[in-house]
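Here are a few short exercises to work through with the model open in your viewer. Try each task before you read its solution.

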Amino acid sequence: MTNHPLQIRPATDQAVAEAAALIGAGSLVAFPTETVYGLGADATSDNAVAAVFAAKDRPDFNPLIVHFADAQAVSRTVAFDQRADALARAFWPGALTLVLPRGPDNPISLLASSGLDTLAVRVPDHPMGQALLEAAGCPIAAPSANRSGAVSPTMADHVAASLGDRVTLILDGGPCRVGIESTVIDLTAATPVLLRPGGIAADAIAAKVGPLAAPETVTGPARSPGMIGRHYAPGTPLRLDARGPRPGEALLAFGPDAPTQAPGRILNLSPAGDVVEAAANLFAMMHALDATGATAIAVMAVPETGLGCAINDRLRRAAAAPD
Ligand code: TXA
Ligand code: MG
């Protein structure tokens with residue numbers, strides 16, 4: 001990871017322009033929203049999104065919220081139904097996140113949605129966040145700008161204390177107005193599900209789309225990766241800790257000593273042995289090998305260091321019996 005000296009900059013047009021350029025170059029920028037500060041990265045870049053997970057020390061790949069300048073940009077990226085439209089009209093820009101099916105030909109990094117076929121989307125209501133989204137010209141993936149397990153930051157100083165020089169630039173917009181995270185509503189099933197209470201009251205949301213289900217009452221595939229543990233798993237079985245492919249298998253390789261020739265397809269997560277690069281490639285490569293028709297995907301060991309822990313967590317879940 002790059003270790004630029006950390007800068008905290010007040011909300012000037014020039015600081016926003018510099019932040020947008022950094023995002024465009026794949027760097028991380030912390031920025032204010034009305035809820036909490038976000039740790040932002042170009043949502044279309046697997047590498048930039050992997051850097052977000054690395055900076056947060058996230059022990060697993062919880063999917064991230066992707067921020068857009070307006071509802072129109074959102075509707076080009078996810079399948080927007082009538083309920084989403086009603087909620088967007090009532091509460092965007094604002095402290096509401098909607099989980100919706102990813103649209104076809106989706107440019108958003110698969111790592112941002114942890115390989116799921118859904119995406120959490122939000123239009124934030126903060127002039128500086130808005131200005132950054134417009135200037136960057138790309139959707140911005142942003143979890144709260146704190147290390148994993150720490151409290152969400154509502155001031156620029158909180159971000160600096162938690163992340164230090166893991167973030168290149170912090171845009172200082174003063175204290176966040178709402179101060180708690182956005183409400184997360186899953187709209188991928190017939191009944192909307194309240195995945196996380198937050199800045200917009202559940203009652204106000206129910207008034208627009210009808211009663212909300214609580215996550216624990218939902219049967220079938222669990223809907224909150226963070227809370228319940230539904231994760232992307234390929235249809236093809238995984239064989240972990242492989243040294244190479246057996247006949248009929250594809251190989252998800254890692255590191256410089258991995259086989260490069262086999263009858264089946266081989267994709268190397270990181271020929272250099274870099275776990276951040278491996279994280280950036282993980283879900284896209286799992287999808288690609290899943291589509292080869294192999295009897296199984298042999299997976300080489302990934303070191304249990306840094307993002308390697310999150311990679312192994314996901315691989316073990318994907319290898320476990322279907323949920
Ligand atoms: O207010 C907020 O929402 C802040 C600001 C920066 O926008 N962001 C934030 O992000 O709190 P984060 O990553 O700390 O929390 C994201 C939540 C997690 O509970 C995650 O599991 C859920 O959203 N989530 C993200 N994508 C999801 C998906 N595809 N399906 C279900 N839940 C999802
Ligand atoms: Mg958080």
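A polar contact here is a pair of N or O atoms within 3.5 Å. Keep in mind that this model is predicted.

**Exercise 1. Polar contacts of the ligand**

Find which atoms of ligand 1 are approached by polar side-chain atoms of His-67, Thr-118 and Ser-144.

Solution.
- Step 1: Start with Ser-144, where a polar side-chain atom is 3.2 Å from an oxygen atom of ligand 1.
- Step 2: Go on to His-67, which places a polar side-chain atom 2.6 Å from an oxygen atom of the ligand.
- Step 3: Finish with Thr-118, whose polar side-chain atom sits 3.0 Å from a nitrogen atom of ligand 1.
- Step 4: Check each distance against the cut-off of 3.5 Å. The values of 3.2 Å for Ser-144, 2.6 Å for His-67 and 3.0 Å for Thr-118 are within it.

**Exercise 2. The shell around the ligand**

How much of the accessible area of ligand 1 does the protein cover, and which elements give two or more residues to the shell?

Solution.
- Step 1: On its own, ligand 1 has 680 Å² of accessible area, and the protein covers 94% of this.
- Step 2: Strand S4 (65–67), strand S6 (118–122) and strand S10 (193–196) are the elements that each give two or more residues to the shell.
- Step 3: S6 provides the largest share, with 3 residues.
- Step 4: Sort the shell by class to get 10 nonpolar, 8 polar and 5 charged residues.
- Step 5: Of the 23 residues around the ligand, those that come nearest are Thr-35, His-67, Thr-118, Ser-182 and Arg-196.

**Exercise 3. Three helix pairs**

Describe the packing of H1 with H5, H8 with H9 and H2 with H8.

Solution.
- Step 1: Two packed helices are described by the angle between their axes and the distance between the axes.
- Step 2: Helix H1 (residues 13–24) packs on helix H5 (residues 127–136) at about 50°, and their axes are 9 Å apart. H1 is therefore oblique to H5. The crossing of H1 past H5 is right-handed.
- Step 3: For helix H8 (residues 275–290) and helix H9 (residues 307–319), the axes come within 8 Å and cross at roughly 25°. This angle is under 35 degrees, so H8 is roughly parallel to H9. H8 passes H9 in a left-handed crossing.
- Step 4: The axes of H2 and H8 also come within 8 Å, crossing at roughly 120°. H2 is therefore oblique to H8, and H2 passes H8 in a right-handed crossing.

**Exercise 4. Backbone details in two loops**

Where does the backbone have a cis peptide bond, and which residue has a positive phi although it is not a glycine?

Solution.
- Step 1: The cis peptide bond joins Trp-92 and Pro-93, with omega about -5°. Pro-93 belongs to the loop between helix H4 (82–91) and strand S5 (96–101).
- Step 2: The residue with positive phi is Asp-57, at about 55°. Asp-57 lies in the loop that runs between helix H2 (46–56) and S4.

Technical notes. Residues are numbered from 1 along each chain as its sequence is written. Chains are lettered from A and ligands numbered from 1 in the order in which they are written. This is a predicted model: local features need pLDDT of at least 70, side-chain atom pairs count only at pLDDT 80 or more; totals for chains, interfaces and linings use all residues. Side-chain values use heavy atoms; hydrogens and water are left out. A residue is near a molecule or strand if one of its heavy atoms lies within 4 Å of it. A polar contact is a pair of N or O atoms within 3.5 Å; within protein, one must be able to donate a hydrogen and the other to accept it, and residues adjacent in sequence count only if both atoms are side-chain atoms. Accessible areas come from the Shrake-Rupley method with a 1.4 Å probe; for residues, only the protein chains shown count as cover. Helices (H or I, at least four residues) and strands (E, at least two) are DSSP runs, numbered from the N terminus. Ala, Val, Leu, Ile, Met, Phe, Trp, Tyr, Cys and Pro count as nonpolar, Asp, Glu, Lys and Arg as charged, and the others, Gly among them, as polar. Axes are lines fitted to C-alpha atoms, for helices over the stretch in contact, and angles run from 0 to 180 degrees between N-to-C directions. Angles under 35 degrees count as roughly parallel, over 145 as roughly antiparallel, 65 to 115 as roughly perpendicular and the rest as oblique. A crossing is left-handed if the near helix is turned anticlockwise from the far one by less than a right angle, and right-handed if clockwise.
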